[in-house]
Amino acid sequence: MERFFRSVLPTLVLMLLAMGLLLTACGDSTPTTATQPTTTTAAAVPTGVAAIPTAALNSGGSATTAAAAAATTAAAVATTAASPTTAAATATIAATTAAAAATTASTTAATIAAAAGTDTPKKGGSITIVSTNEAKTMHPYNCTDVYCNSYISRVYAGAMTKRDPKTLEVVGAAAKSWTVDKDAKIITYTLKDGIKWSDGKPITSDDYLWTYQQAIKKENAWPRYAQNIADPAKPDQNGAIGYEAPNPQTVVVKMNTLTFDIVERADFITPLPRHIWEGKDWLDPTKNSEIDSPSVASGPWKLKEWVKGKSWTVVRNDASTIWPVPYLDQITQATVENSSIAFQKLKSGEADAIVASYGFTTQDVAEAEKLSNVSVYKWISAFASWSEMAFNFRHTYFKDAKLRSAMNWVIDRKALSDKVYYGLAVPMYADVAPSSDKFDGNAVEKYGYDPEKAKQILKDAGYTVKDGKLMDPTGAPLPKLKYAYSTGEPTGPKIAAIAQQEFKDLGIELDLVGTDFNALLKTITTEPFDWDIAQLGWSAGINPEGFGDVWKTIPNLNFGAWVNDDVNKLYSATQREFDNAKRKEIMSKIQSIESRDGPYIYLNANTSYAGINKRVGGVTPTPLGIGFDSRAYSYMTDWYIKG
Amino acid sequence: MQRFIIRRLIQSFGLLLAISAIGFTIIHLAPGGPETKFLLDPRLKPEDIVAIRERYGLNDPIPVQYIKWLWNALHLDFGRSYESLYPVSDEILRALPNTLFLVSSGVILGMLGIPLGVFIAKRRGSIADKSVRVFTVAGSSIPHWWLGILILLVTSNLAISTGIKILPLPGYSAEANGNTLYFIWQLVLPSILIALTGLLAYSRVTRSQVLDVMSQDYVRTAKSKGLDEKTINRVHILRNALIPVVTVFGGLLPSFIGGSVIFERIFSLPGIGNLSIEALGRSDYPIAIGVLMFVSAISIFMLFISDILYALIDPRIRYS
């Protein structure tokens with residue numbers, strides 16, 4: 001007993017103390033301030049005019065994997081967990097909430113509500129962005145993902161057009177004007193006066209033409225050659241068939257087909273400085289240092305240093321002419337592979353910004369909102385990633401729309417949003433994300449959670465349940481369904497488990513098959529198509545009209561081989577329709593069909609979000625984002641340090 | 001000995017060849033490919049996919065691809081990264097210093113396990129012995145990467161709430177940019193964690209070996225001859241006890257490199273492990289295979305060295 005008091009007890013006390021210290025340190029010990037209610041304002045937004053059809057598949061999680069292009073949407077939400085003094089000093093776009101956007105997307109949108117006492121932006125200061133992913137190349141004609149795109153687009157400007165973040169119209173970037181000859185399918189861009197490289201040399205149409213000529217050389221192996229260049233012998237092929245520079249300010253592009261988004265389709269060349277690049281190797285960075293360390297820039301930023309794998313630093317291009325000259329002196333993007341550590345850097349103030357696609361996870365958003373040094377911005381992006389459960393129509397049982405409808409009624413989209421996405425998602429009912437101006441809440445069947453209705457639909461259609469198993473109208477039992485999903489995203493297994501539970505209630509048994517994303521793709525796109533339901537996601541394109549290409553591409557994109565001639569014809573019609581209002585009508589019809597007789601159980605579209613240190617001002621959430629990534633409207637030129 | 005070395009060299013080459021064939025096949029047969037990221041972009045034309053596969057020679061049968069790769073590899077051309085366009089050797093050389101630093105500091109710190117093992121063996125049953133044993137059991141049961149994240153989060157939250165900065169967060173810091181001391185400070189934790197593997201293994205093996213040797217007849221004889229303690233320890237005990245430790249060392253190196261993969265991810269060190277994981281994730285085949293071959297070659301070489309050390313330490317061992 002004496003020994004107990006002499007040795008064991010003090011040890012126990014010490015251990016308890018150590019544990020207490022550990023728990024205190026682990027917990028959120030940062031001083032917090034009360035969250036202010038979200039400001040909500042709604043206003044009409046002019047619809048986007050024309051754009052490149054874009055969509056990219058993802059594994060159904062929160063990560064956005066979209067390809068390039070600009071945007072069309074309606075709603076943006078800015079919430080800042082700010083203390084009164086800093087909140088007053090922040091200019092934000094306040095807009096509709098996610099739920100409101102889902103119901104009234106066509107009429108809701110954003111207005112700039114510049115708060116009283118706004119800071120006056122001034123030059124100077126540096127910020128650090130933290131990201132879990134790093135670019136691998138700076139070569140504009142070898143870059144294949146959003147990470148290198150975001151590096152490149154800050155340094156190389158030169159796209160003829162961009163989207164206005166407020167009106168979402170196509171406006172000039174490098175081009176001051178353009179004309180379209182619809183009969184000849186020719187677009188003539190006129191470059192802005194006085195646009196220059198950072199070394200003072202003018203940016204001329206010759207730079208565009210030379211870059212085009214290099215990019216299309218077979219030996220230069222441009223990965224997006226066939227996407228942008230058409231074969232004139234094939235009249236249906238989209239793409240350019242001619243590129244000319246008749247004078248230093250004019251670029252003429254001849255296209256093979258006429259589509260409503262021809263102005264942006266023809267705008268595919270990011271010019272490289274001919275006077276620097278000519279004579280250098282196009283593809284070998286060991287022979288051409290300009291590839292990874294460009295000495296001149298056309299964008300708002302110039303590369304200062306790239307320590308591969310660690311950090312990437314750009315400084316202000318004071319000679320920026322296409323984009324405004326930024327306020328900040330310097331931006332460093334630091335790579336931190338682990339998202340917990342990345343968030344910790346934001347908390348500690350070592351990093352100033354982190355966004356969802358750069359490793360800011362939904363789990364951390366709630367904690368970030370309580371931090372005194374961080375503002376959380378939320379918005380519904382024009383490129384919102386959305387998720388779905390796709391049916392495999394090679395199996396006859398899925399051809400019955402009644403069965404699919406019943407399955408739709410047992411998926412609780414609200415619960416999925418709350419439990420799986422931490423409230424950062426809005427329901428979906430067709431190909432068009434609620435953020436788009438083409439979304440029509442009245443056209444779609446808005447499936448709620450109603451198991452009784454689902455059972456009634458099945459009963460009316462002649463289905464019965466025997467020993468807990470669903471029998472089709474002929475009395476044959478429905479087989480156990482193979483439900484394929486990706487384990488790469490934390491959301492994958494959670495949604496799969498919910499689906500398994502809910503479908504079981506209808507007598508439908510699921511065999512959950514979780515694999516990595518590449519294996520999932522192989523399963524769903526190759527013979528023998530051994531799957532019934534696949535859980536996947538897409539990143540919305542700026543123009544939902546472009547999604548029609550997905551249905552035409554069996555099995556690589558249209559995995560379940562869903563064929564609906566009406567939908568295909570309607571999508572084709574959108575491509576030739578230059579009137580936005582008429583395109584919207586067509587899109588409403590498509591959504592009506594898809595939500596009732598569609599290929600998917602549409603689930604949710606993700607809300608975008610970012611955590612930014614409160615010392616940074618000028619951060620404005622728009623449907624095009626906050627000026628951050630490759631599709632940004634500002635490339636952080638409007639960010640500044642407060643005070 | 002010469003014959004042994006020649007035989008082992010031939011064996012090593014054969015082993016490398018086998019690893020390359022198996023590794024090449026597995027990496028190429030795995031789902032995905034450099035074109036996968038394009039496959040999902042509806043704007044991309046099938047012609048582009050075909051062109052990408054053609055460009056990298058991925059349309060050939062795998063044996064043909066392998067033979068082409070092998071032929072180039074024998075000429076020390078391991079290809080170029082699909083992503084960065086740099087030669088594989090450049091990418092490996094860029095990543096190597098980080099891994100080398102981590103692994104070598106791990107190996108050196110891990111060596112402390114040998115004196116520790118001797119120390120506790122000589123004090124068998126004492127409190128020191130018991131505490132070290134508790135420590136080794138606990139240390140072996142806890143995943144070191146998890147411990148790493150936990151320590152980082154704890155120290156970082158402590159720094160946020162109290163201002164006491166014990167350990168820095170990994171990765172770039174604007175305040176300490178270019179500061180070598182800060183970089184070394186950042187490496188303290190990963191080095192200790194990676195050293196733990198060796199430390200635990202060495203101390204356990206050394207302890208049991210020393211105890212075993214101490215009870216041998218020749219040690220008793222040496223003592224009865226009146227030899228002093230130091231000589232007995234050095235010549236009779238340590239030298240004999242170290243033989244299995246050398247084997248453990250040879251076997252541990254691959255696990256050090258393997259362990260560095262995880263630590264490089266957590267501590268944001270762009271080393272060989274990180275390079276390999278990213279290459280596999282992005283189907284950057286030349287890098288993935290290049291790293292595999294590089295790590296295999298080093299591991300085989302180290303095992304080879306430990307075999308030779310074996311003979312040097314123990315005169316009874318003669319290879320023929």
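Helix α9 of chain A (residues 339-348) is largely enclosed by the rest of the structure, because seven of its 10 residues are buried. The model is predicted. The buried residues of α9(A) pack against elements of chain A together with α8 of chain B. Contacts between the two chains involve 45 residues of chain B and 56 residues of chain A.

**Helix α9(A) and its surroundings**

- The buried set in α9(A) consists of A:Ile341, A:Ala342, A:Phe343, A:Gln344, A:Lys345, A:Leu346 and A:Lys347.
- Within chain A, these buried residues pack against β4 (126-131), β14 (353-355), α10 (362-370), β15 (374-379) and β24 (608-613).
- A:Gly349, just after α9(A), adopts a positive phi of about 90°.

**Nonpolar cores**

- Nonpolar side chains tend to be buried together in soluble globular proteins.
- The largest nonpolar core comprises 161 residues, and A:Ile354 and A:Ala610 have the most contacts inside it.
- Helix α4 of chain A (residues 146-155) makes the greatest contribution to this core, giving six residues.
- Beyond its neighbours within four places in sequence, A:Ile354 is in contact with A:Ala342, A:Phe343 and A:Leu346, among others; these three are also among the buried residues of α9(A).
- The contacts of A:Ile354 further include A:Val130, A:Gly359, A:Phe360, A:Ala610 and A:Gly611.
- Another core, of 50 residues, lies apart from the largest one and includes B:Phe78, B:Leu253, B:Leu269 and B:Ile272.

**Side of chain B that touches chain A**

- In contact with chain A are 45 residues of chain B; the elements giving two or more residues to this side are α2 (36-39), α3 (46-55), α5 (88-111), α8 (144-162) and α11 (229-266) of chain B.
- Helix α8(B) supplies the largest share, 10 residues.
- By residue class, this side of chain B divides into 24 nonpolar, 10 polar and 11 charged residues.

**Four-stranded sheet of chain A**

- Four strands of chain A form an open sheet in the order β7-β8-β10-β9, with antiparallel pairing.
- The edges are formed by β7 (175-181) and β9 (240-247) of chain A, each of which pairs on one side only.
- On average, neighbouring strands of this sheet are turned by 15° against each other, direction ignored.
- Strands β8 (residues 186-191) and β10 (residues 250-255) of chain A pair in the antiparallel sense over five bridges, and A:Tyr189 stands opposite A:Val251 in β10(A).
- Helix α5 of chain A (residues 205-215) lies across β8, β9 and β10 of chain A and runs at about 150° to β9(A).

Terms used: Residues numbered from 1 in each chain as written. Chains lettered and ligands numbered in written order. Predicted model: local features only at pLDDT ≥ 70, side-chain atom pairs only at ≥ 80, totals over all residues. Contact = placed C-beta atoms within 7 Å. Nonpolar A, V, L, I, M, F, W, Y, C, P; charged D, E, K, R; others polar. Buried ≥ 20, exposed ≤ 12 C-beta atoms within 10 Å, placed from the backbone. Pairing = 2+ DSSP bridges. Axes fitted to C-alpha atoms, helices over the stretch in contact; angles between N-to-C directions. Core = buried A, V, L, I, M, F, W, Y, C linked by C-beta atoms within 7 Å.
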